[in-house]
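Good morning, and thank you for coming. I should like to take you through one structure, element by element. Please have the display ready.

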Amino acid sequence: MTERLFEGADWDFHTLQRITDACEEVATKDLGLDVYPNQIEVITAEQMLDAYSSVGMPLFYKHWSFGKHFAFHEASYRKGLMGLAYEIVINSSPCISYLMEENTATMQTLVIAHAAFGHNHFFKNNYLFKQWTDADGILDYLDFAKNYVMTCEERYGRVEVERTLDAAHALMSHGIDRYPGKKKLDLRAEEKRAGRRRQHEEEVFNDLWRTVPKGASKTRSALSIERRRKLLGLPQENLLYFLEKSAPRLAPWQRELLRIVRHIAQYFYPQSQTKVMNEGTATYVHYRIMTKLHQQGRISDGNFLEFLQSHTNVVFQPEFDDPRFSGFNPYALGFAVMQDIERIVTRPEDEDREWFPDIAGKNDVMGVLRDVWANYRDESFIAQFLSPKLMRHFRMFHLHDDPEERAGIRVDAIHDDRGFRRVRRELARQHDVGFIDANIEVVDVDLSGDRRLILHHHVIKGSQLNETDAKRVLQHLADLWTYDVSLIEVDANDKVLREYVVSPRPIPAAA
Amino acid sequence: MPIHIIDRRLNPGGKSLENRQRFLRRAKSLVQGAVKKTSQERDIKDVLEGGEVTIPLDGMHEPRFRREGGTRDMVLPGNKKFIEGDYLQRSGQGSAKDSGPGEGDSEDAFRFVLSRDEFVDLFLDDLELPDLAKRKIAQTESEGIQRAGYTTSGSPANISVSRTVKLALARRIALKRPRKEEIEELEAAIAACTDEDERVVLLAELERLKARTKRIPFVDPLDIRYRRYEKVPRPVAQAVMFCLMDVSGSMSEHMKDLAKRFYMLLYVFLKRRYKHVEIVFIRHTDRAEEVDEQTFFYGPASGGTLVSSALHAMHEIVRERFNPADWNIYAAQASDGDNSYSDGELTGMLLTDKILPVCQFFAYLEVGESGGSAFDLSDSSLWTLYDRLRNSGAPLSMRKVSERSEIFPVFHDLFQRRETSQEKAAP
C-alpha cells in the first residue's frame with residue numbers, strides 16, 4: 001500500500017511538499033492539466049483578511065477604501081458572521097496560492113488541489129485570461145503602481161491623490177475594454193512606458209512656455225462633427241480611457257493614475273465573466289484529485305470523510321425559498337455542469353445524445369473538459385452545456401417580474417420540455433456581464449460650446465440608474481473632466497427618460 | 001517542476017494598518033460622533049478601554065453606476081409546485097426579492113473595534129486638549145537625564161575614550177605622524193646598513209621622523225571629547241484625581257450628569273499623561289465620605305451642606321495615602337454652589353492652607369439646571385467665596401456650566417485660564 005501523505009490533522013512544511021507533489025502527479029498525469037509554476041504561501045487569519053480587503057492582491061497601493069473593507073470584514077469575522085475563505089489564489093506566474101495556517105492537513109490538500117491546480121490551469125488556459133491578462137507582468141505592475149501612487153502622494157499631496165483615486169474607483173467598472181481588438185496587455189512594457197513618459201514630461205517641462213502667448217486658435221467650426229467624434233474616439237464606453245486621453249486639464253500624474261486603475265479593472269474583467277466556470281473547474285479538479293488520492297490509499301478514510309463534508313458544504317445550493325438562498329452558487333452550478341459533462345461523455349442517455357451530439361459518448365472526459373475550460377465563459381458555458389437533466393435536478397424555473405403586472409410575478413418557464421431552452425437561455429443571460437453592467441458611453445463633447453461632456457445610458461428593460469449613486473459618480477466624472485457633464489438615459493427607441501447635469505466642483509487651491 | 005512553499009506567517013503583520021488609518025482619517029467626523037456617543041454611555045474608566053463603535057457605512061459609501069427597477073427576469077432553483085403561467089404574490093413567499101429583514105441593515109451601519117489609542121485620540125482630538133494644557137503639564141514633569149552627543153569641555157569622569165582616540169587617530173593620519181613601525185623599520189635598516197653614505201642619509205631621516213613624532217602628539221587636547229548629558233523632562237508616573245461632589249438634595253440628576261462628564265474628561269486627560277491614575281470619589285452633604293463610582297453618581301443621599309467636610313476628607317486622604325512628593329494631585333469639585341454661610345471661612349482656610357498647596361490643579365465647577373435661568377441671577381455663596389480667594393491670588397479655576405454641550409468648551413477654558421493666570425504670575 002502506498003504511504004499516507006499525513007495522519008490526523010497536523011501538517012508541517014514537509015507534509016505540504018508531499019501533498020503538493022502528490023496532487024501534481026494526479027493533476028498532470030491523470031487529468032492532463034497544464035499549469036503555471038506554483039508558489040504556495042502559508043499565512044495567518046489576519047493576513048488573509050488583509051488580502052481580502054485589497055481584492056486578493058499581495059501588493060496594492062494604499063487607499064482608505066481597502067481599510068474600510070478590512071474593518072468591515074474583520075468586524076463580521078469577529079462576530080462570526082463570516083468564515084474566511086480557505087484560500088486565495090492569484091492569477092500570476094508563478095501562480096500564488098495562500099493557505100491559512102489554521103487549516104487541517106486535509107483542508108490544505110483540498111486547497112492545494114483546488115487552487116494550485118484547478119484555478120491555476122483555468123487561468124493559464126482560458127481564452128479570456130489569455131486575451132486580457134498578463135500573468136507574468138501583473139506582480140511587477142502592481143509593485144510599480146504602489147510605488148507610483150506613493151511618489152505622487154509625496155509630490156502632490158495625499159488629498160489630491162485620494163481625490164483622483166476616489167473618482168477613478170467610482171468609474172472602475174466603466175474602465176474596461178469589453179471587446180478585443182486592441183493588443184493584449186503587456187504590463188511590463190506598460191510600466192517601462194510609464195517611466196519613459198514621466199521622464200519625457202520632466203525633461204520637456206519648461207515653465208517659460210506657459211507665458212508665451214498662443215496664436216489664434218483654429219476656427220472650431222472647421223472641424224466637422226463627424227471628424228471631431230472620430231478624433232476623440234467616440235462613442236467610447238471605456239470612460240476611464242476616454243478621460244485619460246481627452247480630459248483637458250488633468251495633470252500627467254492624474255492620467256497615469258487613471259491608467260493604473262483602468263489596467264487593474266481590465267485585469268479582473270475575465271474573472272467576473274468566469275466565476276461559475278473558474279470555481280467549477282477548481283472544484284471539479286479538487287474532487288478528482290482527492291478521490292484519486294483516497295483510492296491510492298494516500299489519504300485515510302477518516303480524512304476523506306472530512307474532505308467530503310467540506311466539499312458538500314462548498315457545493316451546497318439552497319433552494320429559492322430557503323433563508324440561506326442568495327442566488328446560484330457558482331461552485332455548485334459549475335461543479336454540477338462539469339460532472340454532468342463527465343456523465344454525458346461516458347454514460348449518455350438518449351436525451352443527452354439528442355442535446356449534445358458532439359460530446360455524448362465520446363469517452364474522453366478530460367479532453368472534452370479541457371476544451372470547455374479553454375474556450376468558454378460563463379454565459380456561453382451555461383448556454384451550451386446546461387442539460388435538461390441538471391435543470392430537472394435543480395428544479396429550475398424562470399420568473400418574469402414586470403412592475404406593471406398586477407397579478408404578480410409570472411412563472412415564464414419551468415423545467416419541462418417546453419421550458420428547457422428558455423430557462424437555459426435566461427440563466428446564461430444572467431451570467432453575461434455585458435448585460436449586467438449598465439451600458440453607458442460617451443457620445444459627444446461640445447467642443448465649440450461649453451465643452452460639456454455628453455453620455456448616454458442605454459436603458460434595457462426599463463432598468464434605470466440609481467439616482468443617488470449616479471449623481472455621485474457623475475460628480476467624480478465632472479471633477480475629472482472639469483466642465484459640465486450630462487448623462488442622458490435613453491430607451492431602445494431613443495426616447496429620453498431622464499437627464500442628469502453635473503458641474504465640476506471648484507478645485508481647492510493647491511496648498 | 002519545483003514548487004515553492006513559503007511561510008509568510010512571520011511577515012510583518014498589520015499590513016492593513018496604513019489603510020486602516022487612512023480610513024479612520026477619512027471617517028473621522030463619523031467615528032468621532034460615534035465615539036462621543038459611546039463614551040456618554042460608559043463609566044469613567046471604561047472610556048479608555050477603546051472598543052466597538054458603530055458608524056453608518058453609508059457615510060463612507062463608494063458610488064458606482066447601478067441599475068435598478070424595470071422588469072426583471074430570474075432563474076431560480078427549487079421549484080416544487082409551480083407550472084408555466086402561474087403567478088406569485090409579490091410580497092409573499094416565493095419572491096427572490098424578499099430578503100430577510102436583517103440583510104439590508106448590515107450595509108447601513110457596521111461596528112468596528114477601535115484600539116485604546118484610536119479611541120482616546122478621537123475622543124480628545126476635537127478638544128485640542130494637549131496644547132492647551134501643555135504648560136501646566138510641563139511643570140508636573142520631573143527631570144531625567146539622557147545622552148546628547150559629545151562636547152569639548154566637561155568633567156574628566158565624562159571623557160569618551162573611544163571618541164577621543166578616534167579623533168586623535170584621524171588627526172595623526174592627517175598630519176602624517178610617523179607610526180612606531182616605520183621608526184622601528186628604519187632603525188632596523190640602519191643597523192643592517194653597511195654603506196656609510198646611505199647610513200648618514202638614513203640617520204638624518206630617523207632624526208626627522210623622531211622630531212616629527214615629538215611635534216605631533218599622540219593625543220592632543222584638541223582631540224578630547226566629553227560625553228554630554230541633557231536634562232529631559234520625564235512625566236511622573238502617577239496621579240490621583242479627587243472628585244468632590246455635593247450630593248445634597250438640591251443636586252439634580254442633570255447636575256450630576258454634568259459633573260460626571262467633566263470628571264470623565266479630566267480622567268481621560270490625566271490618563272494620557274500618567275501611567276497610573278487613581279480616582280477618589282468623595283461625596284458630601286453636611287458630612288463627607290469616600291464612595292465608589294456607582295454610589296457617587298447614583299446613590300441617594302440627602303442632608304445639609306458643608307463643603308468644608310469634603311475638603312477636610314480630601315486632606316485626610318492625601319495625608320494618609322497620597323504623599324504630594326510622589327503623587328500629582330488633581331481635584332475637581334462640582335456643586336450647585338450652596339453652602340451654609342457659617343462654613344465659608346473654614347472652607348476658605350482649608351483650601352488656601354491645606355488643599356491648594358498640594359494640588360497641581362483645582363477646578364471648581366458650578367453646575368446649574370438646564371436652561372439655567374436662575375443661574376445667572378446672582379453668584380452663589382460658594383462662587384462668591386472662591387471668586388474672592390482667586391482674586392487674592394489663589395490658583396483656582398472655576399466655571400459655571402448648565403448644559404451638556406458646554407462641558408467640552410468649559411474644560412478647555414479651565415485649562416486655558418489656568419495657563420494665562422500663570423503667565424501673568426510668572427514674570
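Which residue of E4(B) does A:Phe397 stand opposite? Its partner there is B:Leu76. Please keep in mind throughout that this is a predicted model.

That pair belongs to a contact between two strands of different chains. Strand E4 of chain A, residues 397–401, and E4(B) are joined by five bridges in the antiparallel sense. Strand E4 of chain B comprises residues 72–76, and because four of its five residues are buried, the rest of the structure largely encloses it.

Let us turn to a sheet in chain B. Six strands make up this open, mixed sheet, in the order E11-E10-E9-E12-E13-E14. Its edges are strand E11, residues 288–291, and strand E14, residues 397–401, each of which pairs on one side only. On average, neighbouring strands are turned by 20° against each other, direction ignored. At the E14 edge, strand E13 of chain B, residues 361–367, runs parallel to E14(B), with five bridges between the two. Within this pairing, B:Ala363 has B:Ser397 as its bridge partner.

Two helices of chain B lie across these strands. Helix H12, residues 307–321, crosses E9, E10, E11, E12 and E13 of chain B, at about 145° to E10(B). Helix H14, residues 381–391, lies across E12, E13 and E14 of chain B and runs at about 150° to E14(B).

Now to chain A, and to helix H1, residues 13–30. At its start, a side-chain oxygen of A:Asp12 comes to within 3.1 Å of the backbone nitrogen of A:His14. Does the length of the helix fit its residue count, or depart from it? At 1.5 Å a residue, its 18 residues should span 26 Å, and the end C-alpha atoms are 25 Å apart, which agrees. After H1(A) comes A:Gly32, with a positive phi near 65°.

Which residues of H1(A) are buried? They are A:Thr15, A:Leu16, A:Ile19, A:Thr20, A:Ala22, A:Cys23, A:Glu24, A:Val26 and A:Ala27. An α-helix has 3.6 residues a turn, so residues three or four places apart point the same way. The cover over the buried residues of H1(A) includes strands E1 and E3 and helices H4 and H12 of chain A, together with strand E1 of chain B.

I close with a single side chain, that of A:Gln266 in helix H11 of chain A, residues 252–273. A:Gln266 counts as buried because its relative accessibility is 4%, under the 20% cut-off. Its side chain reaches the backbone nitrogen of A:Asp177 at 2.8 Å.

Methods. Residues are numbered from 1 along each chain as its sequence is written. Chains are lettered from A and ligands numbered from 1 in the order in which they are written. This is a predicted model: local features need pLDDT of at least 70, side-chain atom pairs count only at pLDDT 80 or more; totals for chains, interfaces and linings use all residues. Side-chain values use heavy atoms; hydrogens and water are left out. Two strands pair if DSSP finds at least two bridges between them. Axes are lines fitted to C-alpha atoms, for helices over the stretch in contact, and angles run from 0 to 180 degrees between N-to-C directions. Contact means heavy atoms within 4.5 Å. The expected span of a helix is 1.5 Å times one less than its number of residues. Buried means under 20% relative accessible area, exposed over 50%, partly exposed in between (1.4 Å probe, protein chains only). A polar contact is a pair of N or O atoms within 3.5 Å; within protein, one must be able to donate a hydrogen and the other to accept it, and residues adjacent in sequence count only if both atoms are side-chain atoms.
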